[in-house]
Amino acid sequence: MPENRPMTLIEYVTRKQQAFPQATGAFTTLVEGLALATKIISREVNQAGLGHLLGLTGRRNVQGEAVARLDEFSNDTLIRTLTRTGVVCAIGSEELAVPIRLPADPVPGVYAVVFDPLDGSSNIDYAVSVGSIFGVYRRRSSRDQIGGMEDLLQSPGDLVAAGYSVYGSSTILVLSTGDTVDGFTLDPSLGEFLLSHQNIRVKPKGKFLSANTCNRGAWEPNVLRAFEAFEQPAEGKPMSLRYVGSLVADAHRTLLAGGMFVYPADRKQPEGKLRLLYEAGPLGFLFEKAGGAATDTRRPILEIVPKALHDRTPLLLGGTEDVARFMELCRE
Ligand code: FDP
C-alpha cells in the first residue's frame, strides 16, 4: 500500500529552503534543534506529575517571578539543544538576566534566538495548556566576534522566523518563516511533527474575546470603553469570552478560531505585562503573517524597537477588522 502520511516538519522546511539556492542548511538545522527541544519539553510536561517536576524551585527570575521546576527544565533544554546546533550566535531567554553569547569558534552561528521557554507558568501545576514561544533573528554582529546584544535587541519586524508550541490535549508546533503560517502536530508514536494546519489564516472578524477581565477596573478608560463596545455591541450578537491565562494557548485559539486577545496596560503595569522580545514580538509576527494584526493598542508590534531585553508591552492580537475597530474605539 502506498504511504499516505502528511509531510514532517523537517521535510516541509527542507522543501521551502530549496526555493533559496543560497540556503546553506543552517536554518533547517536550527528548526531541527527547536523541534527536538519542544519534544523533550512536551514529554516532561506530560509526565510532570510523575517525575517530581511540578512546583517551584524556590528561586526568582530576573523579573522577580517565582521560577517553576518546569520553567527551569525548559530553559535548560532549549539552551543546550540550540547551542549544540552550532548555528546560533546568541540566546535571549525570559528566564535569563543576561544573554548567552556563543563564540565564533569553530564556526560562527548565523542566528540569534529569543524565547519564553515555558509560557503560562501559573497553569503548569494544574494540567492546563502551556507552551514555548520563540523568535529567530539573523545575526547582526561581525562573524569573527562572539554574538551578543546587538543580535538580540532587534525589532519584531526584523524576525526571519517565529513560532510556538502548545503542550495541550495534543502538542502542536506553529511556525512561520515569513510567507505562510503552518501548524504541525506531534505524532507521539513516530516522534515526529506532521503537517496538520497548512496556511493558517486569521478571520478578519471573530466572535471570541480573550482577556483577564478582573483587571478591567485598572485599565485606561479608553481601552475599557473599546472593550465594552466589543463585549456588548449596540447591534449584532455579543462576543463570547475565552481566557486560559496561558498566552500561548489563548493566542493559538485566537489564531485558529478568530476573535481578539487583549492584554492592555493597567495602573499596576503601565508598560503592560507581556514581554516584547519573547512573547508579543513572535506572536505579533505570526498574526501579521497569517493575515491578522498585532498592536500595543496604538502602533503595530512589528514597529516597536526594544530598548532592553526584558521590555514589556500592552498587546492586542486578532483579525484585521476587529483590531482596527478596537484601535479606532480607543482613539474616540
Ligand atoms: P503567567 O503569569 O502564568 O506566566 O507572560 C506570562 C503570562 O502567564 C501569560 O502566559 C498569560 O497570558 C499572562 O501572563 C496571564 O496574566 P494574568 O494572570 O494577569 O491574567
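The paragraphs below lead through the enclosed spaces of this structure and then turn to one residue, E65. The model is a predicted one, and what is said here should be read with that in mind.

We begin with the empty space inside the protein. Rolling a probe the size of a water molecule over the atoms shows where empty space is left. In this structure there are three cavities of 30 Å³ or more, and the two discussed here are the largest, with a volume of about 60 Å³, and the second largest, with about 50 Å³.

Around the largest cavity, the lining is made up of Y12, V13, K16, L175, S176, T177, D182 and F184. If you look for the elements that give two or more residues to this lining, you will find α1 (9–17), β8 (171–176) and β9 (181–187), and of the contributions to the lining of the largest cavity, the largest share, three residues, is that of α1. In terms of chemical class, four residues in the lining of the largest cavity are nonpolar, two are polar and two are charged.

The second largest cavity has its own set of residues around it, namely L34, A37, T38, I41, L78, F115, S132, I133, F134, S165 and Y167. At least two residues of this lining are supplied by each of α2 (26–46), β6 (130–138) and β7 (161–167), while the largest share, four residues, comes from α2. Sorted by class, the lining of the second largest cavity holds eight nonpolar and three polar residues, but no charged residues.

From the cavities we can move to a single residue, E65, which is found in the loop between β1 (56–60) and β2 (66–68). Is E65 buried or exposed? Neither word fits, because its relative accessible area is 26%, whereas buried means under 20% and exposed means over 50%; E65 is therefore described as partly exposed.

The surroundings of E65 show how a folded chain can bring together residues that are separated in sequence. Leaving aside residues up to four places away in sequence, E65 touches R59, R60, E94, R275 and R312. With R275 there is also a polar contact, made between the side chain of E65 and the side chain of R275 at 3.4 Å. A further comparison of sequence and space is given by E65 and S122, which are 57 residues apart in sequence, while their C-alpha atoms are 10 Å apart in space.

Technical notes. Residues numbered from 1 in each chain as written. Predicted model: local features only at pLDDT ≥ 70, side-chain atom pairs only at ≥ 80, totals over all residues. Heavy atoms only, no water. 1 Å grid on protein atoms, 1.4 Å probe; cavity = no way out; pocket = protein on both sides within 12 Å on 5 of 7 lines; lining within 4 Å. Points joined across faces, edges and corners; volume = space filled by probe spheres on them. Nonpolar A, V, L, I, M, F, W, Y, C, P; charged D, E, K, R; others polar. Buried < 20%, exposed > 50% of the residue type's maximum accessible area, 1.4 Å probe, protein only. Contact = heavy atoms within 4.5 Å. Polar contact = N/O pair within 3.5 Å; in protein donor to acceptor, adjacent residues only side chain to side chain.
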